[in-house]
Amino acid sequence: MTPVTVFQDKTVALFGLGGSGLATALALKAGGAAVQAWDDNADSLARAREAGIETRDLREADWSDFAALVLSPGVPLTHPEPHWSVRLARDAGVAIIGDIELFCRERRARAPGAPFVAITGTNGKSTTTALIAHVLAQAGRDVQMGGNIGTAILSLEPPAADRVHVIEMSSFQIDLTPSLDPSVGVLMNITPDHLDRHGTMEQYAAIKERLIQGAGLAVVGVDDAPSRAIADRRGADLVRVHVPHGDVLCTDALTVRDGIVRESDGTALADVNGIGSLRGAHNWQNAAVAVAVARALGLSPERIQAGLTSFPGLPHRMEEVGRRGHVLFVNDSKATNADSTEKALTAFRDIHWILGGKAKEGGIFPLVPYFERVAHAYLIGAASDAFAATLEGAVPYTRCETLENAVPKAAENAAASGAPEPVVLLSPACASYDQFRNFEIRGNRFRELVQALP
């Protein structure tokens, strides 16, 4: 835990008692603050009381007593409309902040030079966060990883001069961190997302940019127009990262071509070829960002390469879960829409593709250009009819209904295909909710079925 001492002897309101909210309340209490917490969920309130947290309906509180409102990032701050607790705080002139803001304030008070890497972006931020943490840990650094990727930041060990915090940040978390000042700030990319919570694309991009504005060093992927504009405004203390494609060309960047990360002058820095967990151009960007961050934190090229090579990847994100003979099985259950599945389809050939579930708007039509990579498709779940209509005449398909039917059928066909390395790929391009509670359960079931194959 990181005790939050910056509100010692003050009273703090807290709304949202999920995992990070409960951790925040305990950290504030450990640092000497009085906390009055609330949640609209009765079970969350009960868990907080069991943990010794004082709960109080904040609609009945005297807001003049509060030094701040600590808000869960899942609670609307602005759109579609401010939460009632936000309105009450604003009416009382009370600052509204999040748990990462508490960490930033504690870091400045406790260890202002402590290394702090913050990573954001619409896509790829979880893999990049895990990759950076892995490379640093393999080099012997004391690494604390958390934030949006899983562990609440205040559940980590406190900031210290010889300890690196590697923290994934969503736009919601950035919006609640007004004094965000990482040693290294990373912006991967910006594409439309969460506009129901931010109103416009411009506002969404502006929130992402705030992470870069406060950083000592900025590392920015410049393969989309909003991110390039942010990099141009940043100017100094900047590393641009570029994976050439189409007509976009950046000559003053860390660039990845054919799996080799190079300086702008062409000097080779790292090689990601043959690393199964870093297949595909999107992972080339992730690797280049990790190279830039690790160099900034003093790692040698040899240490960086060793960390990249040993990276196991994240579960359910193009995760290699096994081989049977020459057939590779890949769990990409996290691909819940066509944009995510596109990355997997570009990384492999001779694909035996398991897809389906609860379809998103647009279905798989955007993936038509990649159908030539697919040997056979295996349809599961509610989207089967719609997906069959898109595949008709372009890709042979089998209606399997369930994963239990699809995996052995795909394995059998892949083994008999004669291709040098056929791939059985679960990349559903769908939400899981028709058959599974979440994508993790779906991916775990796929792994179980693969492991049970003869």
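Let's start in the middle of a sheet, where strand S15 (residues 327-331) runs parallel to strand S20 (residues 423-426), joined by four bridges. Helices (H or I, at least four residues) and strands (E, at least two) are DSSP runs, numbered from the N terminus, and two strands pair if DSSP finds at least two bridges between them. Within this pairing, Leu328 has Val423 in S20 as its bridge partner. A word on the source: this is a predicted model, in which local features need pLDDT of at least 70 and side-chain atom pairs count only at pLDDT 80 or more, while totals for chains, interfaces and linings use all residues. Residues are numbered from 1 along each chain as its sequence is written, and side-chain values use heavy atoms, with hydrogens and water left out.

Now step back to the whole sheet. S15 and S20 belong to an open sheet of six strands with mixed pairing, in the order S14-S15-S20-S16-S18-S19. Strand S14 (319-324) and strand S19 (397-401) each have a single partner strand, so one side of each is left without a neighbour in the sheet. On average, neighbouring strands here are turned by 20° against each other, direction ignored. For such angles, axes are lines fitted to C-alpha atoms, for helices over the stretch in contact, and angles run from 0 to 180 degrees between N-to-C directions.

Which helices lie across this sheet? Helix H12 (residues 338-347) lies across strand S16 (351-356), strand S18 (374-380) and S20, at about 170° to S16. Helix H14 (residues 403-415) lies across S15, S16, S18, S19 and S20, at about 165° to S16. Contact here means heavy atoms within 4.5 Å. After S18, look for Gly381 in the loop between S18 and helix H13 (384-391). Leaving aside neighbours within four places in sequence, Gly381 is in contact with Gly357, Glu401, Asp434 and Gln435. Gly381 and Cys400 are 19 residues apart in sequence, and their C-alpha atoms are 8.4 Å apart in space.

Next comes another open sheet, this one of nine strands, with mixed pairing and the order S6-S7-S5-S8-S9-S10-S11-S12-S13. Its edge strands, strand S6 (142-147) and strand S13 (268-271), each pair on one side only. Neighbouring strands of this sheet are turned by 15° against each other on average, direction ignored. Inside the sheet, strand S8 (residues 184-187) and strand S9 (residues 217-221) pair in the parallel sense over four bridges, and Val186 has Val219 in S9 as its bridge partner. Helix H10 (residues 281-296) lies across seven strands that can be traced one by one: strand S5 (116-120), S8, S9, strand S10 (238-242), strand S11 (254-257), strand S12 (260-262) and S13. H10 runs at about 145° to S11.

At the S13 edge, S12 and S13 run antiparallel and are joined by three bridges, with Arg262 bridged to Ala268 in S13. These two strands form a hairpin with five residues between them, and Gly266 in the turn has a positive phi of about 95°. Asp258, in the loop between S11 and S12, also deserves a look: its phi is positive, about 50°, although Asp258 is not a glycine. Most residues other than glycine have a negative phi, and most peptide bonds are trans. An exception of the second kind joins His79 and Pro80, a cis peptide bond with omega about -5°. Pro80 is found in the loop between strand S3 (66-71) and H3. 

That brings us to helix H3 itself. The rings of Phe15 and Trp84 have their centres 5.4 Å apart and their planes at 80°, so the pair is edge-to-face (centres within 6.5 Å; planes under 30 degrees apart are stacked, over 60 edge-to-face, the rest tilted; for Trp the six-membered ring is used). Phe15 is in strand S1 (residues 11-15) and Trp84 in helix H3 (residues 84-91), 69 residues apart.
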